[in-house]
Amino acid sequence: MKIFIATDIHGSAYWARKTAEKFAQSKADVMVLLGDVYNHGPRNPFPDEYSPMSVADTFNALSSSIIAVRGNCDSQVDEMISRFPFVSDNVIPLGDGRLYFTHGHVFNKDNLPPLADGDVMFYGHFHVSEIVKVDGVICVNVGSASLPKDGKHVYCIADGESVTIYDLVSDETVARVFR
């Protein structure tokens with residue numbers, strides 16, 4: 001199984017389209033959105049082409065392929081414009097371990113959920129890409145597609161072999177870990 005992961009679109013129609021394009025090119029089986037899909041949040045600037053309804057149109061066209069995790073800027077009204085549900089967290093078994101998907105405002109590298117050695121946790125929220133290992137758990141902060149704090153607009157691909165964070169503009173590898 002090949003999984004495409006993106007996070008923190010924050011209502012940017014431009015970065016939603018780029019994300020959808022990369023998803024199509026990747027030929028991944030599923031897209032996981034790690035929250036903060038539509039709302040820019042009170043501490044964030046307006047992202048490029050801020051248009052939550054356009055973001056909804058882009059992702060609704062892919063609704064049968066999307067798993068959306070609720071972020072701290074997502075609300076019930078977001079589900080009203082979405083043809084896909086938002087869940088609190090999600091776990092997908094893959095190979096010998098589990099992939100745990102969360103937004104990051106509760107569980108992250110500094111506050112691990114109950115995971116086992118070799119499991120992988122994906123999150124966003126902090127808008128900075130990194131891959132680190134904590135207590136045997138691979139922690140993947142995917143970063144942000146639209147409002148990166150490290151200057152890298154990113155997405156991630158995970159499969160049974162590796163986890164790779166890519167630059168949305170150049171497709172250069174930002175970070176990689178092999179499972």
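How many residues does the hairpin use to join E10 to E11? Three residues make the link. The model described here is predicted.

## The seven-stranded sheet

Seven strands make up an open sheet with mixed pairing. Their order is E4-E3-E2-E1-E10-E11-E12. The edges belong to strand E4 (86-87) and strand E12 (173-178). Each has a single partner strand, so one side of each lacks a neighbour in the sheet.

Within this order, strand E2 (residues 30-33) pairs with strand E3 (residues 66-69). The sense is parallel, and three bridges hold the register. Val32 has Ile67 of E3 as its bridge partner.

## Strand E11 and its two partners

How many of the six residues of strand E11 are buried? Six of the six are, so this strand (residues 162-167) is largely enclosed by the rest of the structure. Its side chains split between two directions. Ser162, Thr164 and Tyr166 point one way, while Val163, Ile165 and Asp167 point the other way.

E10 and E11 run antiparallel, joined by five bridges. Here Cys156 stands opposite Ile165 of E11. E11 and E12 also run antiparallel, and five bridges join them. In that pair, Val163 stands opposite Val177 of E12.

The hairpin of E11 and E12 has five residues between its strands. Within this hairpin, Asp171 adopts a positive phi near 65 degrees.

## Helices against the sheet

Helix H1 (residues 13-26) lies across three strands: strand E1 (3-6), E2 and strand E10 (154-158). H1 runs at about 165 degrees to E1.

Helix H2 spans residues 52-60. Which residues of H2 are buried? They are Val55, Ala56, Thr58, Phe59 and Asn60. The cover over these buried residues includes H1, E2 and E3. Some of the spacing along a helix follows a general rule: an α-helix has 3.6 residues a turn, so residues three or four places apart point the same way.

## The five-stranded sheet

A further open sheet has five strands, in the order E5-E6-E7-E9-E8. Its pairing is mixed. Strand E5 (90-94) and strand E8 (130-134) are the edge strands, and each pairs on one side only. Neighbouring strands in this sheet are turned by 20 degrees against each other on average, with direction ignored.

Two antiparallel pairs can be traced residue by residue. E5 pairs with strand E6 (residues 97-101) over five bridges in the antiparallel sense. Pro93 stands opposite Arg98 of E6. The hairpin of E5 and E6 has two residues between the strands, and Gly95 takes a positive phi near 65 degrees there.

The other pair is E8 with strand E9 (residues 137-141), again antiparallel over five bridges. Lys133 has Ile138 of E9 as its bridge partner.

## The largest pocket

How much space lies in the largest pocket? About 190 Å³. The lining comprises three nonpolar, six polar and three charged residues.

Histidines in the lining are His10, His125 and His127. Asp36, Arg43 and Lys149 also line the pocket. Gly41, Pro42 and Asn44 contribute too, as do Asn72, Cys73 and Phe126.

Conventions
Residues are numbered from 1 along each chain as its sequence is written. This is a predicted model: local features need pLDDT of at least 70, side-chain atom pairs count only at pLDDT 80 or more; totals for chains, interfaces and linings use all residues. Side-chain values use heavy atoms; hydrogens and water are left out. On a 1 Å grid over the protein atoms alone, a cavity is a set of points where a 1.4 Å probe fits but cannot get out, and a pocket is an open set with protein on both sides within 12 Å along at least five of seven lines; lining residues have an atom within 4 Å of a point. Grid points are joined across faces, edges and corners, and a volume is the space filled by probe spheres set on the points. Ala, Val, Leu, Ile, Met, Phe, Trp, Tyr, Cys and Pro count as nonpolar, Asp, Glu, Lys and Arg as charged, and the others, Gly among them, as polar. Two strands pair if DSSP finds at least two bridges between them. Helices (H or I, at least four residues) and strands (E, at least two) are DSSP runs, numbered from the N terminus. Contact means heavy atoms within 4.5 Å. Axes are lines fitted to C-alpha atoms, for helices over the stretch in contact, and angles run from 0 to 180 degrees between N-to-C directions. Buried means under 20% relative accessible area, exposed over 50%, partly exposed in between (1.4 Å probe, protein chains only).
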